[in-house]
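Subject: Structure for you to look at

Dear colleague,

I am passing on the structure we talked about, and I would be glad if you could open it beside this message. My notes on it come after the display.

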Amino acid sequence: MPRKATARAHPIQGLVKYHGMRDTDLRLPYHDSISVCTAPSNTTTTVEFVPDAGDDTYIIDGEAVDGRGAERIRHVLDHVRDLADTDDAVRMESENSFPSNVGFGSSSSGFAALAMAATEAAGMDLTRPEISTIARRGSSSAARAVTGAYSDLSAGLNDEDCRSHRLSTGTGDDGFDPEEDLRIITALVPAYKETEEAHKEAEASHMFDARLAHVQDQLVEMRDALREGEFHRIFGTAEHDSLSLTATTMTGPSGWVYWKPETIAVFNAVRELRETGVPVYFSTDTGASVYVNTTADYADVVEEKVAETGVETEVWEVGGPAEVLDGSESLF
């Protein structure tokens with residue numbers, strides 16, 4: 001069987017997001033969540049099972065990983081070892097094409113690529129929804145990065161239920177195709193954040209129960225809007241959900257305000273553009289950086305306006321599922 005494999009995955013932008021976990025070991029969320037993968041941003045990971053090698057080694061972007069990061073990687077790999085009935089040590093190296101820990105979903109692509117490479121190297125024949133349950137043990141968002149494009153992670157109490165599946169999208173009456181025509185202007189605000197702490201903050205907020213009730217309507221709206229290909233409903237819902245989620249996080253015990261002045265400046269620029277008729281909405285995950293969602297026809301106009309706030313920008317589009325790469329693309 002193969003002992004070494006390389007995989008690539010794209011990070012996700014949360015559209016209807018989650019915070020709080022009913023089970024922190026299996027990373028089972030309280031409710032469903034929907035996202036879209038973003039390209040060309042990606043994580044490439046090579047995994048090799050090495051008999052009699054002693055301890056695992058984990059390298060990300062040229063640096064050895066230790067502490068909580070190493071624990072989360074080992075948690076995923078131990079599950080793969082259990083499923084594959086092996087106790088071999090693992091050598092893992094990973095590279096990101098975009099900044100990590102700034103709100104652009106690096107953990108989603110990182111654990112998706114890890115799960116995809118590890119299961120391939122272990123000789124396992126699994127579907128992407130099955131692999132999503134393995135990636136989920138590192139990051140719930142990684143489950144959706146495995147299945148790619150617009151994906152929905154179902155909540156549940158076990159791997160049979162809590163797995164990701166790809167959502168079908170339609171073309172709107174105005175010709176908008178969510179998979180072909182979306183452009184995402186990223187506004188980089190490099191402020192370090194820690195998503196695991198955000199989960200704890202949100203869950204302790206007095207607004208958390210209200211969030212759990214409200215998000216059900218958001219999920220219904222998002223699924224229907226994607227099916228109909230309606231740009232304004234899809235990304236208007238994502239913008240509202242970003243504000244709802246952030247309000248819950250920021251009213252936790254620590255009063256954690258993770259937006260920066262540049263974040264608010266981008267919000268204001270987006271609203272100014274929208275007042276002139278430009279189809280554009282903002283979205284944030286946990287962090288100060290911003291996704292600005294628009295259509296291909298308006299990408300240049302929107303990027304210029306966002307860049308005027310002084311942030312670093314790139315234009316991204318919809319990314320596909322995690323993929324196993326040819327051996328020539330191995331990192332070692």
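What follows goes through the annotated domain, a sheet, two helix pairs and some backbone details.

Please keep in mind throughout that this is a predicted model. The UniProt record, an unreviewed entry, places the feature "domain: Diphosphomevalonate decarboxylase-like N-terminal" at residues 9-163. Over that stretch the chain is 32% helix and 28% strand, and the C-alpha atoms at its two ends lie 17 Å apart.

The sheet I would look at is an open one of six strands, which come in the order S8-S7-S9-S6-S1-S16 and show mixed pairing. Its edges are formed by strand S8 (63-64) and strand S16 (323-324), each of which pairs on one side only. As general background, strands of a sheet pair through backbone hydrogen bonds, either parallel or antiparallel. Strand S7 (residues 57-60) is a convenient place to see what mixed pairing looks like, since S7 is joined to S8 in the antiparallel sense over two bridges, while four bridges join S7 to S9 in a parallel arrangement. On the S8 side, Ile 59 stands opposite Ala 64, and on the S9 side, Tyr 58 stands opposite Met 92. The hairpin of S7 and S8 has two residues between the strands, and Asp 61 in this hairpin takes a positive phi near 50°.

Helix H2 (residues 106-121) lies across four strands of this sheet, namely strand S1 (4-9), strand S6 (43-50), strand S9 (89-96) and S16, and runs at about 35° to S6. H2 also meets helix H3 (residues 128-135), with axes that come within 9 Å and cross at roughly 115°, and the crossing is right-handed. From H2 the contact takes in Phe 111, Ala 112, Ala 115, Met 116 and Thr 119, and from H3 it takes in Arg 128, Ile 131, Ile 134 and Ala 135. By class, these residues divide into seven nonpolar, one polar and one charged.

The other helix pair is formed by helix H6 (residues 208-228) and helix H7 (residues 231-250), whose axes come within 9 Å and cross at roughly 165°. With angles over 145 degrees counted as roughly antiparallel, H6 and H7 are therefore roughly antiparallel to each other. H6 passes H7 in a left-handed crossing, and the contact between them has eight nonpolar, six polar and six charged residues. Among the residues that meet there are Arg 211, Glu 221, Met 222 and Leu 226 in H6, and Arg 233, Ile 234, Asp 241 and Leu 245 in H7.

Finally, there are some backbone details to check by eye. In general, most residues other than glycine have a negative phi, and most peptide bonds are trans. Against that background, the peptide bond from Ala 39 to Pro 40 is cis, with omega near 10°, and Pro 40 is found in the loop between strand S5 (33-39) and S6. Arg 27 has a positive phi near 55°, and this residue is found in the loop between strand S3 (21-23) and strand S4 (28-29).

With best wishes

Notes
Residues are numbered from 1 along each chain as its sequence is written. This is a predicted model: local features need pLDDT of at least 70, side-chain atom pairs count only at pLDDT 80 or more; totals for chains, interfaces and linings use all residues. Side-chain values use heavy atoms; hydrogens and water are left out. UniProt positions are given in the numbering used here, feature names are shortened, and annotations may be inferred rather than shown by experiment. Two strands pair if DSSP finds at least two bridges between them. Contact means heavy atoms within 4.5 Å. Axes are lines fitted to C-alpha atoms, for helices over the stretch in contact, and angles run from 0 to 180 degrees between N-to-C directions. Angles under 35 degrees count as roughly parallel, over 145 as roughly antiparallel, 65 to 115 as roughly perpendicular and the rest as oblique. A crossing is left-handed if the near helix is turned anticlockwise from the far one by less than a right angle, and right-handed if clockwise. Ala, Val, Leu, Ile, Met, Phe, Trp, Tyr, Cys and Pro count as nonpolar, Asp, Glu, Lys and Arg as charged, and the others, Gly among them, as polar.
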